[in-house]
Amino acid sequence: MLASARREARRLGIVPVEPGTGAALRLLAATLGARAVVDVGTGAGVSGIYLLRGMHPAGVLTTVDEDTQGSQAARRAFADAGFAASRTRVIGGAAGSVLPRLADGGYDMVFCGGPGTDHLAGYEEALRLLRPGGLVAFDGALGQDRVVDPSIRDARTSALRYLHRQVAEDPRLLPALLPTGDGLLCAVKRP
């Protein structure tokens, strides 16, 4: 089912998570015994399938995306992968307007899979949503290896560098950068 979801994502012009990143997400969700996960940016359902495969069997994935075609593709991908409709909530809309409506401290994991500039907008919201001991993960944290090159100063790369600093310096978090895909910046919310 993942191969089909990936093909559909590419057909729609959506860049899905890479297999290594997906495997890391599955592992992290399983390690947490996650029952409630937020996926910002559906990726046509690819990231959601990985997350659902790692989550507790009764867990619910809430996925948020303003791209209606991507959201519809995600719904089909989840059904095709055998997940009951009760295991997923697909919410259409911009993260900035949807995330504030979700419950404080009600989630085990938040995955931000959109472009790096969107990560900053979701950073504080993600921390608000997480329970103590919960985990936030940002995909594309290396910005196609641009983040490590100090001579590159475009807006997206600068925003990613700023995100790295914010996460590293935030006393509420215990961070790590996983070198999978284009970088997966993870942080556990301290109790």
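**Close-up A. Cys112 and Cys186 stay apart in this predicted model.** The closest cysteine sulfur to that of Cys112 is the one in Cys186, and at 11 Å it sits too far off for a bond. To count as a disulfide, the two sulfur atoms would have to lie within 2.5 Å. Looking from the other end, Cys186 is in no disulfide either, with the sulfur of Cys112 as its nearest cysteine sulfur. The tally for the structure is zero disulfides. As for solvent, Cys112 is buried, with a relative accessible area of 5%, and Cys186 counts as buried too, at 6% relative accessibility.

**Close-up B. Strand 1 is mostly covered.** This strand takes in residues 36-40, and five of its five residues are buried. Ala36, Val38 and Val40 point one way from the strand, while Val37 and Asp39 point the other way. Whichever way they point, these residues are all buried.

**Close-up C. Strand 1 pairs with strand 2 and with strand 4.** Strands 1 and 2 run parallel and are joined by five bridges. Within that pairing, Val40 faces Val64, standing opposite it in strand 2. To get from strand 1 to strand 2, the chain passes through helix 3 (residues 46-54), making a right-handed β-α-β crossover. Strand 4 (residues 107-112) also runs parallel to strand 1, this time with four bridges. Here the residue to look for is Asp39, which has Phe111 of strand 4 opposite.

**Close-up D. Thr62 meets Arg89 through a polar contact.** Thr62 belongs to strand 2, residues 60-65. Its relative accessibility is just 1%, so it counts as buried. The side chains of Thr62 and Arg89 are joined by a polar contact of 3.0 Å. Leaving out residues up to four places away in sequence, Thr62 touches Val37, Val38 and Asp39, along with Arg89, Ile91, Leu102 and Tyr107. Of these neighbours, Val37, Val38 and Asp39 also appear in the strand 1 view, where Val38 points one way and Val37 and Asp39 the other.

**Close-up E. Val167 is a buried residue of helix 7.** The helix covers residues 155-169. With 1% relative accessibility, Val167 counts as buried. Who surrounds this valine? Setting aside neighbours within four places in sequence, Val167 is in contact with Tyr123, Phe138, Leu173, Pro175, Leu185 and Ala187. Val188 is worth picking out as well: Val167 and Val188 are 21 residues apart in sequence, and their C-alpha atoms are 10 Å apart in space.

Terms used:
Residues numbered from 1 in each chain as written. Predicted model: local features only at pLDDT ≥ 70, side-chain atom pairs only at ≥ 80, totals over all residues. Heavy atoms only, no water. Helix = DSSP H or I, 4+ residues; strand = E, 2+ residues; numbered from the N terminus. Buried < 20%, exposed > 50% of the residue type's maximum accessible area, 1.4 Å probe, protein only. Polar contact = N/O pair within 3.5 Å; in protein donor to acceptor, adjacent residues only side chain to side chain. Contact = heavy atoms within 4.5 Å. Pairing = 2+ DSSP bridges. Right-handed = clockwise from strand over helix to strand, strands pointing away.
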